[in-house]
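Here are some notes to read with the structure open beside you. Take the points in order, and turn the view as you go.

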There are 2 protein chains.
Amino acid sequence: MGKVIVSFTMSLDGFIAGPNISPEDAMGEGGEQLHDWLFDGSSEIDRDMAREMPANVGAVILGKRTFDLGLPHWEDTPFPAPSFVLTHEKREPLKMKSSAFTFINGGVESAVQQAKAAASEKDIIVMGANVAQQLLRAKLADEIVLQLAPVLLGQGTRLFDGIGDETIELKNTRTIQSPLVTHLRYQIL
Amino acid sequence: MGKVIVSFTMSLDGFIAGPNISPEDAMGEGGEQLHDWLFDGSSEIDRDMAREMPANVGAVILGKRTFDLGLPHWEDTPFPAPSFVLTHEKREPLKMKSSAFTFINGGVESAVQQAKAAASEKDIIVMGANVAQQLLRAKLADEIVLQLAPVLLGQGTRLFDGIGDETIELKNTRTIQSPLVTHLRYQIL
């Protein structure tokens, strides 16, 4: 069965985007630099890591806000895999170039169920802090993959916020330092 | 000149202590496990790291709350070095076994000045999230040393909170993974 992976680039102070996110500035003020490791291209480690993730993606679960902000940039599904958008809106599936968006009204449980069926043995990637938090609270996530960026943003969208008051134990399964970012991987116990 | 080092063990979701801190439970609920790496003793990396810090401490800056909570446990200064307590209270220095507490009413600038004079070439260690935040806001810290613990606490005392809305750029200078914790070191640019 495919694993549900919460995967983000996060500042050392816990933000995955800067403040004042808008369609023109989807990463928020100062947030763009979080993805330097993806676009710089100077480190072989970063290039390997950037390739590793998409190759294993069998399905995507994303929030409505991420969908709205991302679609004009992607002009496709974010990865070439079935993508499930959590929303209260009833809407027909949207066929894109490499795959389709399906709109889920039944909450994260339903999204995970459908994503797992679609992904078969491959991974299910989570996009959007709010969806990640819902999955962590519902104990439906299997792994956390973080690229920890050497910056304190001071404000923005926190990844780990409102994830409940129960301690979640992790096991570090990989730590690789590149010149631009720390690649961390955890199994959720 | 000695460096001002913000050094903490932090959960992956950014907490340095659990909720409901009390004199009997200075690390808060669930917070004790953050320090497993210090007390477990099974990893040579962790043992080396635990030894490295105290050996270089020339002075300590701490908050009044950390002082009040810590004193009954330490029954001494937290490190064998002059220790400067930020407080509004006027109070005579308190001589302990290995060094003394001096009470500073002039804010972080004054504390750093006096700590640097006392530490000479050695490092100045910061204890207490609130003091660390004040030093980061005032741009008086030189390095951040973190032990990143593989756990999500969900609540407690956040290390990086209220540090202002200006981006602080860092440079990773060391990453070492032990079985229990990720040792990270950053220069503040």
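1. Let us begin with one pair of neighbours in chain A. Strand 4 of chain A and strand 6 of chain A pair in the parallel sense, with four bridges between them. To find the place on screen, look for Phe84(A), which stands opposite Thr102(A) in strand 6 of chain A. Please keep in mind that this is a predicted model.

2. Strand 6 of chain A has another partner to look at. Strand 5 of chain A, residues 94–95, pairs with strand 6 of chain A in the antiparallel sense over two bridges. Here Leu94(A) stands opposite Phe101(A) in strand 6 of chain A. How many residues lie between the two strands of this hairpin? There are four residues between strand 5 and strand 6 of chain A.

3. Now move to helix 3 of chain A, which spans residues 64–74. Which of its residues are buried? They are Thr66(A), Phe67(A), Leu69(A) and Gly70(A). A general point helps when you look at such a pattern: an α-helix has 3.6 residues a turn, so residues three or four places apart point the same way. The buried residues of helix 3 of chain A pack against strands 3, 4, 6 and 7 of chain A, so you meet the strands of the opening point again. Just after the helix comes Glu75(A), with a positive phi near 50 degrees.

4. A word on the record for chain A. An unreviewed UniProt entry annotates residues 3–178 of chain A as "domain: Bacterial bifunctional deaminase-reductase C-terminal". Over that stretch, chain A is 29% helix and 31% strand, and the C-alpha atoms at its two ends are 25 Å apart.

5. Next, follow a whole sheet across both chains. It is an open sheet of 10 strands with mixed pairing, in the order 9(A)-11(B)-12(B)-8(B)-1(B)-7(B)-3(B)-4(B)-6(B)-5(B). Its edge strands are strand 9 of chain A and strand 5 of chain B, each of which pairs on one side only. Helix 4 of chain B, residues 107–119, packs on the sheet and touches strands 1, 3, 4, 6 and 7 of chain B. The direction of this helix makes about 160 degrees with that of strand 3 of chain B.

6. Within that sheet, try strand 1 of chain B (residues 4–11) and strand 8 of chain B (residues 143–149). They run parallel and are joined by seven bridges. Ser11(B) stands opposite Ala149(B) in strand 8 of chain B.

7. How do the chains meet? In chain B, 26 residues are in contact with 26 residues of chain A. Strands 9, 11 and 12 of chain B each give two or more residues to this side, and strand 11 of chain B provides the largest share, seven residues. By class, the side of chain B that touches chain A has 11 nonpolar, 10 polar and five charged residues. Strand pairing crosses between the chains as well: strand 11 of chain A and strand 9 of chain B run antiparallel, joined by two bridges. Ile168(A) stands opposite Leu152(B) there.

8. Finally, look at the symmetry. A turn of 180 degrees, with a shift of 0.0 Å along the axis, lays chain B on chain A with an RMSD of 0.0 Å. That is the relation of a two-fold axis. Which residue of chain B comes closest to the rotation axis? It is Gly14(B), whose C-alpha is at 3.4 Å. Because 100% of the interface residues of chain B are also interface residues in chain A, the copies meet through the same surface.

Methods:
Residues are numbered from 1 along each chain as its sequence is written. Chains are lettered from A and ligands numbered from 1 in the order in which they are written. This is a predicted model: local features need pLDDT of at least 70, side-chain atom pairs count only at pLDDT 80 or more; totals for chains, interfaces and linings use all residues. Two residues are in contact if their C-beta atoms, placed from the backbone, lie within 7 Å. Ala, Val, Leu, Ile, Met, Phe, Trp, Tyr, Cys and Pro count as nonpolar, Asp, Glu, Lys and Arg as charged, and the others, Gly among them, as polar. Two strands pair if DSSP finds at least two bridges between them. Axes are lines fitted to C-alpha atoms, for helices over the stretch in contact, and angles run from 0 to 180 degrees between N-to-C directions. Copies are superposed by least squares on the C-alpha atoms of residues with pLDDT of at least 70 in both. A residue is buried if 20 or more other C-beta atoms lie within 10 Å of its own, exposed if 12 or fewer, and partly exposed in between; C-beta atoms are placed from the backbone. UniProt positions are given in the numbering used here, feature names are shortened, and annotations may be inferred rather than shown by experiment.
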